[in-house]
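Q: I am new to this structure. Please take a close look at one part of it, and then follow the thread outward from there.

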Amino acid sequence: MNYTAEDFIKAIMALFPSGPIWNRSKGSFLYKLHFILAISFSKNANDAFDLLRDAFPSSSVFLLPEWEKTLGLPNKCFGDKQSLQQRRASVISRLTNNGGSSVQYYTDLAKSLGFEISIEEFSSAKAGRLKAGKPCWGKIWNNVWRITISKISYQYFKAGTSKSGDPIRTWQLSALPCLLSSIVPVNTILIFREI
């Protein structure tokens with residue numbers, strides 16, 4: 001809700017007593033003097049509403065740089081050219097991310113960034129576990145994950161959530177390998193493929 005200076009001047013003028021010396025017309029000194037105050041009141045009230053909106057990362061605009069600074073963003077994998085929607089999504093992801101080392105954790109993380117992935121883990125060949133016709137992997141394959149990217153979500157410019165200068169459509173395919181490589185266990189080797 002936005003209160004205009006006109007809203008405030010009506011409220012201020014209603015506070016004065018009635019009588020011939022209390023001229024409330026737009027051209028009067030009383031009106032002009034208090035209209036200056038009404039402009040300030042309007043700006044302060046609207047800034048207070050904006051502050052309430054900005055307190056939440058999903059709708060933040062003015063405080064978004066503070067959220068990012070607090071959370072160590074932007075991530076080097078995403079660079080500085082993110083849209084407003086992507087910046088908000090990064091903040092929310094960082095706030096809600098509770099960590100993990102399971103395949104499901106990494107799959108969910110990719111999904112929160114707009115990617116559908118599957119992770120295939122390998123293991124070296126061992127007697128009793130190797131079946132005929134299956135590949136015979138060496139010991140190093142114990143640390144290899146093949147990440148298949150099956151769907152990439154595009155983010156489109158949206159009135160009300162995007163800002164002037166944001167691209168019409170964005171996707172960050174190169175960011176996913178960078179991000180996953182930076183957070184997987186140290187000895188893990190990642191192989192990416194897109195279908």
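A: Thr4 lies in the segment before α1 (5–15). The model is predicted, so local features need pLDDT of at least 70 and side-chain atom pairs pLDDT 80 or more, while totals for chains, interfaces and linings use all residues. Residues are numbered from 1 along each chain as its sequence is written, and side-chain values use heavy atoms, without hydrogens or water. Helices here are DSSP runs of H or I with at least four residues, numbered from the N terminus.

Start with Thr4 itself. Its relative accessible area is 40%, so Thr4 is partly exposed (buried is under 20%, exposed over 50%, partly exposed in between, with a 1.4 Å probe and protein chains only). Thr4 also has a partner far along the chain: Phe41 is 37 residues away in sequence, yet the two C-alpha atoms are separated by 8.7 Å.

Phe41 leads to the next step, the packing of α1 on helix α2 (residues 29–54). The two axes are 8 Å apart, and the helices pack at an angle of about 125 degrees (axes are lines fitted to C-alpha atoms over the stretch in contact; angles run from 0 to 180 degrees between N-to-C directions). α1 and α2 are therefore oblique to each other (under 35 degrees is roughly parallel, over 145 roughly antiparallel, 65 to 115 roughly perpendicular, the rest oblique). The crossing of α1 past α2 is right-handed (the near helix is turned clockwise from the far one by less than a right angle; left-handed if anticlockwise).

Which residues make this contact? From α1 come Ala5, Glu6, Phe8, Ile9, Ile12 and Met13. From α2 come Leu30, Tyr31, His34, Phe35, Ala38, Ile39, Phe41, Ser42 and Ala45. Contact means heavy atoms within 4.5 Å. By class, twelve of these residues are nonpolar, two polar and one charged (Ala, Val, Leu, Ile, Met, Phe, Trp, Tyr, Cys and Pro are nonpolar; Asp, Glu, Lys and Arg are charged; the others, Gly among them, are polar).

Now zoom in on one of them. Ile12 sits in helix α1. With a relative accessible area of 11%, Ile12 is buried. Leaving out residues up to four places away in sequence, Ile12 touches His34, Ala38 and Phe41. Phe41 thus returns: it touches Ile12, and its C-alpha atom is 8.7 Å from that of Thr4. Ile12 also gives a sense of distance across the model. Its C-alpha atom is 70 Å in space from that of Glu121, and the two residues are 109 apart in sequence.

Move on to the loop between α2 and α3, where Val61 is found. Val61 is partly exposed, at 32% relative accessibility. Its contacts are Arg53, Asp54 and Arg88, not counting residues up to four places away in sequence. Arg88 is 27 residues from Val61 in sequence, and their C-alpha atoms are 8.8 Å apart.

Arg88 belongs to α4, which meets α3. The axes of helix α3 (residues 64–71) and helix α4 (residues 84–96) come within 10 Å and cross at roughly 40 degrees. α3 and α4 are therefore oblique as well. Their crossing is left-handed. On the α3 side the residues are Leu64, Pro65, Trp67, Glu68 and Leu71. On the α4 side they are Leu84, Arg87, Arg88, Val91, Arg94 and Leu95. This contact holds seven nonpolar, no polar and four charged residues.

Between these two helices runs a loop, and Pro74 is found there. A cis peptide bond joins Leu73 and Pro74, with omega at about 5 degrees.

Cys77 lies in that loop too. A disulfide joins Cys77 to Cys178, with S to S at 2.0 Å (a disulfide is a pair of cysteine sulfur atoms within 2.5 Å). A search of the whole structure finds one disulfide. The angle about the S-S bond is -70 degrees, and the link is left-handed. Cys178 is in helix α6 (residues 175–183), so the pair ties together parts that are 101 residues apart in sequence. Cys77 counts as buried, at 12% relative accessibility. Cys178 is partly exposed, at 25%.

The thread ends at α6. The axes of helix α5 (residues 103–112) and α6 come within 11 Å and cross at roughly 145 degrees. This crossing is right-handed. Tyr105, Tyr106, Leu109 and Ala110 of α5 meet Leu176, Leu179, Leu180 and Ile183 of α6. By class, the contact has eight nonpolar, no polar and no charged residues.
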